[in-house]
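Please read the following report beside the sequence and the coordinates, which are displayed directly below.

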Amino acid sequence: MNNILEEKILEVKNLKTYFYTDGGVVKAVDGVNFDLKMGETLGIVGETGSGKSITALTILGLIPIPPGRIESGEIIFEGQDLLKYKISNLKHFRGNKISMIFQDPMTSLNPVFTIGYQIIESILAHQNVTKKQAYAQALELLDMVGISDRKKRMKSYPHEFSGGMRQRAMIAMAIANSPSILIADEPTTALDVTIQAQILELLDTLKKKTNSSVILITHDLGVIAKYAERVMVMYAGKPVEFASVDDIFYKPLHPYTLGLIGSISKLNEEKKERLKPIKGAPPSLIDLPKGCTFASRCKFAVKKCKENFPPAIEEETGHFTACFRAKEFMDGSLSRD
Amino acid sequence: MFYYILKRILQIIPVVIGITILLFVLMYVIPEDPARLILEKGATPQALQNLREKMGIDKPVYVQYWRYVKQLSKGDLGTSYRYRRSVNSILAEHYPNSIKLAFVAIIIETIIGLLAGIISAVRKYSFLDVLVTVSTTILVCIPVYWLGMLLQIGFGLKLGWLPMSGMGDGSIRFYILPAITLASVSTAFVARITRSTMLDVMSNDYIRTAYAKGLSNNSVIYKHGLKNALIPVVTYIGIDLGTLMGGAILTETIFAWPGVGRTIYLAILQRDAPVVIGGTIVLVLIFVFMNLFVDIIYAILDPRIRLEGGGNINV
Amino acid sequence: MYPFKDDKNKIQNDSNINEIIDESILLEAEIEKKYSKSSLYKDAWKRLVRNKLAMVGLAIVILMAVIAIFSPFIAPYNPIDRIKEASQKGPSLQHWFGTDILGRDIFSRVLYGTRISMLVGVVAVAISLAIGLFLGALSGFFGGVSDAVIMRIADIFFAFPYILGAIVIMTVLGPGVLNVFIAIGILGWASVARLFRSSILSIKEKEYIEAARALGASNSRIIIKHIFPNSFAPIIVYSTMNVGTAIIVEAALSFLGLGVQPPTPSWGKMLSESLGYINTSPWMMFFPGIAILITCLGFVLLGDGLRDAFDPRLKR
């Protein structure tokens, strides 16, 4: 774990992305802070609607405006604040220095263009090469992502590919310009379990080969445990815990993280414990409760939890938690059960 | 693909048979004696009877129908009661005029409709979008013949720029007003369909992917968006071409355009059954084959269908 | 999926039989609540009221209905009275829309014309609905031979150009209001049938119908209680717009001399009467045309609004 260069490649500060709908203001991302180091894989974990995907889309400026609006924050990449760029100028970063892989490869590829065309298009958008050179590069990319029979596959349309193959093609497109950051937004959710592992392995291999950083968004803690070096846990638009993967699993300091870990099955455990789902449902993002957003579902909640949202505090080096009772977990005066 | 086309052609047959039966029965019901239409007013009852027997119109309707089908299978549409000419030659004279007019109208609706639709989708909620939405709604509701009359008054009578009616020497000046009139409603539909499919397409995941790749706004809208949005628009335009070629009865009447729509209309008024039935059969055939043609174009535009060999693309 | 697959399961399940019964009652209640028409239609109404254009459409429709009913009280003149000294007069304080060639007051005639247009629109669409819903239900719910036959007949109607069809039917039946109802009504059934059939097919596949069937609801009960309310939305939208189309077709038929016969005032007929005089008396053709346009616009705007209200996803 120590081979990570300590240089920050991306820093997100106090990011807030709201959506203005008929029903009210949806605070999808509400004060997100994190940084990404060179060559690391950062996991962002949370339930559906926790704001993890919106965070990623905001980084690339892919939020539809309106109804979306970026209320505040900074996204520092290579020393520049991406939020200060005009949307039309962000295209120089998108797919070039920062690229993204989406959740559903079925709908994320354009059905009326061939796979080859869509990969070549990515190359030509950012590199000053001829079509012929781009074609050669595309063939190479298909090889890298493990697609055989390449020349034929270049001419295929997305619907002729299986789900796993499509996601491989998406990855080929994403790495076409050797990005320094690769954002993978639930890259395997829509795929079969057996294919999931293959795709994740592929991502990991490619990351190591190209020395890029990866933001891996998922709701699957197992995936996080295997591939991420650091983890941000999000709940209702806010980060609640941010730490190294070991700390998250062995020393979780936020009741929500505890709950998440409690709700996954551990196959290797001797004693078959009943899985403990987190009771209740996440709050509506339109009218969030006044205090901690998790308080209503939290068995450790005390009075002040319902009054103020706890600030994120660095309880130990590199381990941030937004919970009033984190200190008690730390010193053992409060049992995690 | 081949079997698909074959299947579609086979599907046409019952439709055509159904239409001939329907028309035959309807025209048979009209209490008008074709023999009286053909012979002079003062014809003797004996002469009338002779003619009826010769034409076979004293026979029951199914016997007549069978006769007609046999004749039709040879490509003969019969003889007009009024003009004593073969229906084939009457249609051959008038159809080209209708088809020419239809093509001019299709060009107008494609260019104006597509442009208006794209502009209003790309500039959603802008003044132009509202303008397009309001004017297309109005256009849908304008009676075509009334629009024709307004155009005649404006450009023909008051300004004197364009001829008011007829085909004249067949120069393009004579086409402009009737073509605009004929295209009016369809233009509105093309614009509306383009707008709504464009907006629909632009909310797809692959559009987000295209932006995420770093493509320019124009490239995303006009390449990734438009190519997908065009599929239903082309479908509509193709079907509409079939409809327009099949007789613009109202437009042709208002502009005294010597086309097939007006010919059939006059034949209905004159109870000239062979012209009505023959004209309608040709018209329906054109319509159905245009639909088939559109489905093939559709399959070419949309690779998902092309390779599946078409399954459920009944529009 | 198959709870009674083997005996062991069966025994287990038997002990839970009370639970299953409870669940089925709950499920029934759930279905009623979730898919009951009241919430769907209430929500749609709320969205409709917020849509300004749709409200304009509704206002026009109501206005036209009021004019149609009360035209004898509103109209300043008898629409068929000829005022000898006032033939072909332009719009004035006495005759707001001018007079026609026979000296009849065009304003009064336009007001009275509302009656025919609204009547034809509503009655013809009602006829289309009656035929279309019946055949569509037959086709969609029972499938098989009846489906195939009905849909092929529908194909024939689709391949037939609308105006041409109306003209042929009118020629056979002869002119007159009643026959206009029939002609337009008959021509419109195929679209209704197709629409109803496809919504039945799509809804039939949905789980709550499966659930209702599993609970032993009969076919007719399923049709009336579950399918009807849910497939009505697209048909309401289509029919509203179709009233506009029917009004235009009626005007076209009367314009061609096949529809409503004089002296009954009809907008289409008024337009054809103006044909020889568009140079000398343009007001004769102007006002009836505007009347057709506005009435049709009312129904189309309302239909557009209804579509957005029923399907908020389509709302832009």
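The report takes up the sheet and a helix of chain A, then chain C, then a helix pair of chain B, and last the contacts between chains.

The model is predicted, and features described at the level of single residues or elements are restricted to pLDDT of at least 70, whereas totals for chains and interfaces use all residues.

**Chain A: an open sheet and a covered helix**

In chain A, eight strands form an open sheet with mixed pairing, and their order across the sheet is β6-β7-β8-β3-β9-β10-β12-β11. The edges are held by β6(A), residues 98-101, and β11(A), residues 313-316, and because each has a single partner strand, one side of each is left without a neighbour in the sheet. Averaged over neighbouring strands and with direction ignored, the turn of one strand against the next in this sheet is 20°.

Strands of a sheet pair through backbone hydrogen bonds, in either a parallel or an antiparallel sense. Strand β7(A), residues 181-185, runs parallel to strand β8(A), residues 213-218, with which it shares five bridges; within this pair, Leu182(A) lies opposite Val214(A) of β8(A). By the edge strand β11(A), the pairing with β12(A), residues 319-321, is antiparallel and extends over three bridges, and Ile313(A) has Thr321(A) in β12(A) as its bridge partner. β11(A) and β12(A) form a hairpin that leaves two residues between the strands, and Gly318(A) in the turn adopts a positive phi of about 75°.

Is helix α1(A), residues 52-59, mostly covered or mostly open? The helix is mostly covered, since eight of its eight residues are buried. The buried residues of α1(A) are Lys52(A), Ser53(A), Ile54(A), Thr55(A), Ala56(A), Leu57(A), Thr58(A) and Ile59(A). Just after this helix, Gly61(A) takes a positive phi of about 70°.

**Chain C: a helical chain**

The secondary structure of chain C amounts to twelve helices and zero strands. Of the 316 residues in chain C, 43% are buried, and among contacts in the chain with a separation of 6 or more, 71% join residues that are 24 or more positions apart.

One helix pair of chain C is formed by α5(C), residues 106-142, and α6(C), residues 144-159, whose axes come within 7 Å and cross at roughly 135°. That angle makes α5(C) oblique to α6(C), and the crossing of α5(C) past α6(C) is left-handed. On the side of α5(C), the residues that meet α6(C) are Leu135(C), Leu138(C), Ser139(C) and Phe142(C), and they face Gly144(C), Ser146(C), Asp147(C), Ile150(C) and Met151(C) of α6(C). Sorted by class, this contact has five nonpolar, three polar and one charged residues.

**Chain B: a second helix pair**

In chain B, helix α9(B), residues 205-212, and helix α10(B), residues 217-245, have axes that come within 10 Å and cross at roughly 145°, and α9(B) passes α10(B) in a right-handed crossing. Here Tyr206(B), Ile207(B), Ala210(B) and Tyr211(B) from α9(B) meet Val220(B), His224(B) and Gly225(B) from α10(B). By class, the contact of these two helices has five nonpolar, two polar and no charged residues.

**Contacts between chains**

Chain B touches both chain C and chain A. The contact with chain C takes 35 residues from chain B and 31 residues from chain C. On the side of chain B, at least two residues each are supplied by α1 (2-29), α6 (127-141), α7 (144-158), α11 (249-254), α12 (260-269) and α13 (273-301), and α1(B) gives the most, with seven residues.

The contact with chain A takes 20 residues from chain B and 26 residues from chain A. The helices of chain B that each supply at least two residues to the side touching chain A are α9, α10 and α14 (303-308), and the largest share, seven residues, comes from α9(B).

The table sets out the classes of residue on the two sides of chain B.

| Side of chain B | Nonpolar | Polar | Charged |
|---|---|---|---|
| Side of chain B that touches chain C | 27 nonpolar residues | seven polar residues | one charged residue |
| Side of chain B that touches chain A | seven nonpolar residues | seven polar residues | six charged residues |

Read together with the helix pair above, α9(B) takes part in the contact with α10(B) through residues including Tyr206(B) and Ile207(B), and α9(B) also provides seven residues of the side of chain B that touches chain A.

Note on methods:
Residues are numbered from 1 along each chain as its sequence is written. Chains are lettered from A and ligands numbered from 1 in the order in which they are written. This is a predicted model: local features need pLDDT of at least 70, side-chain atom pairs count only at pLDDT 80 or more; totals for chains, interfaces and linings use all residues. Two residues are in contact if their C-beta atoms, placed from the backbone, lie within 7 Å. Helices (H or I, at least four residues) and strands (E, at least two) are DSSP runs, numbered from the N terminus. Ala, Val, Leu, Ile, Met, Phe, Trp, Tyr, Cys and Pro count as nonpolar, Asp, Glu, Lys and Arg as charged, and the others, Gly among them, as polar. Two strands pair if DSSP finds at least two bridges between them. Axes are lines fitted to C-alpha atoms, for helices over the stretch in contact, and angles run from 0 to 180 degrees between N-to-C directions. A crossing is left-handed if the near helix is turned anticlockwise from the far one by less than a right angle, and right-handed if clockwise. A residue is buried if 20 or more other C-beta atoms lie within 10 Å of its own, exposed if 12 or fewer, and partly exposed in between; C-beta atoms are placed from the backbone. Angles under 35 degrees count as roughly parallel, over 145 as roughly antiparallel, 65 to 115 as roughly perpendicular and the rest as oblique.
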